[in-house]
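This report covers the fold, the packing and a few local features of one protein chain. The sequence and the model are shown first.

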Amino acid sequence: MNDSKQKYSIYRDNDLIASDLLSLPSIMKFVRKDALKEHSQGRPAFYMITGSLGFKRAGSHLKGRMVWDG
């Protein structure tokens with residue numbers, strides 16, 4: 001069986017923190033929550049979301065919100 005659904009992985013500062021996720025909106029919510037947690041601990045974080053079908057998004061937490069590149 002050919003499964004053509006994209007699966008996503010999340011990296012924080014080049015460390016894999018979640019993989020095989022299917023829903024991009026829930027991933028974005030997870031990243032925002034994680035970024036707030038990191039920010040409250042005084043640790044700025046850089047995030048990368050990659051997809052099995054070529055999706056790629058990078059960003060960081062800035063002034064209380066996620067800022068994504070391009």
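## The helix and its two sides

Six residues are buried in helix 1, namely Ile 27, Met 28, Val 31, Asp 34, Ala 35 and Glu 38. These residues lie on the same side of helix 1, because the arc they cover around the axis is only 130°. The other side of helix 1 carries the exposed residues Pro 25, Lys 29, Lys 33 and Ser 40. The buried residues of helix 1 pack against strand 1, strand 2, strand 3, strand 4 and strand 5, the last of these being residues 65-68.

Helix 1 runs over residues 24-40, and its 17 residues should span 24 Å at 1.5 Å a residue. The C-alpha atoms at its ends are 24 Å apart, which agrees with that expectation. After helix 1 comes Gly 42, which has a positive phi near 80°.

## The chain as a whole

The model is predicted, and every value here is computed from it. The protein chain contains 1 helix and 5 strands. Read from the N terminus, the order of the elements is β-β-α-β-β-β. The C-alpha trace spans about 45 × 20 × 20 Å along its principal axes. The chain has 70 residues, and 30% of them count as buried. Among contacts with a separation of 6 or more, 40% are between residues 24 or more positions apart.

## The nonpolar core

How many residues make up the largest nonpolar core? This core has 11 residues in all: Tyr 8, Ile 10, Ala 18, Ile 27, Met 28, Val 31, Ala 35, Ala 45, Tyr 47, Ile 49 and Met 66. At least two residues of this core come from each of strand 1, helix 1 and strand 3. Helix 1 provides the largest share, 4 residues.

Met 28 belongs to this core and is one of the buried residues of helix 1. Beyond residues up to four places away in sequence, Met 28 touches Ile 49, Arg 57 and Trp 68. Two of these partners, Arg 57 and Trp 68, also have an arrangement of their own: the charged end of Arg 57 sits over the ring of Trp 68, 5.8 Å from its centre.

## The aromatic pair

The structure has 1 aromatic pair. The pair is formed by Tyr 8 and Phe 55 and is edge-to-face, because the ring planes stand at 90° with the ring centres 5.5 Å apart. The two residues are 47 residues apart and link distant parts of the chain: Tyr 8 is in strand 1, while Phe 55 is in the loop between strand 3 (46-51) and strand 4 (56-62). Tyr 8 is buried, at a relative accessible area of 9%, whereas Phe 55 is partly exposed at 23%.

## Selected residues on the strands and in a loop

Tyr 8 is also a contact of Ser 19. Ser 19 lies in strand 2, and apart from residues up to four places away in sequence it touches Tyr 8 and Ser 9. The C-alpha atoms of Ser 19 and Gly 59 are 17 Å apart in space, for a sequence distance of 40 residues.

His 61 is in strand 4. Leaving out neighbours within four places in sequence, His 61 is in contact with Ala 35, Leu 36, His 39, Ala 45 and Met 66. Of these partners, Ala 35, Ala 45 and Met 66 are listed in the largest nonpolar core.

Which residues have a positive phi in the loop between strand 1 and strand 2? Asp 13 has a phi near 50°, positive in a residue other than glycine, and lies in the loop between strand 1 (8-12) and strand 2 (15-21). Asn 14 is in the loop between strand 1 and strand 2 as well, and its phi is near 70°, again a positive value in a residue other than glycine.

The table gives the relative accessible area of these four residues.

| Residue | Relative accessible area | Class |
|---|---|---|
| Asp 13 | 38% | partly exposed |
| Asn 14 | 69% | exposed |
| Ser 19 | 37% | partly exposed |
| His 61 | 15% | buried |

His 61 counts as buried because its 15% falls under the 20% limit. Asn 14 counts as exposed because its 69% is over 50%.

Definitions and conventions:
Residues numbered from 1 in each chain as written. Predicted model: local features only at pLDDT ≥ 70, side-chain atom pairs only at ≥ 80, totals over all residues. Heavy atoms only, no water. Buried < 20%, exposed > 50% of the residue type's maximum accessible area, 1.4 Å probe, protein only. Phe/Tyr/Trp six-rings, centres within 6.5 Å; stacked < 30°, edge-to-face > 60°. Lys NZ or Arg CZ within 6 Å of the ring centre and 35° of its normal. Expected span 1.5 Å × (residues − 1). Arc of directions from axis to C-beta. Contact = heavy atoms within 4.5 Å. Core = buried A, V, L, I, M, F, W, Y, C linked by side-chain atoms within 4.5 Å.
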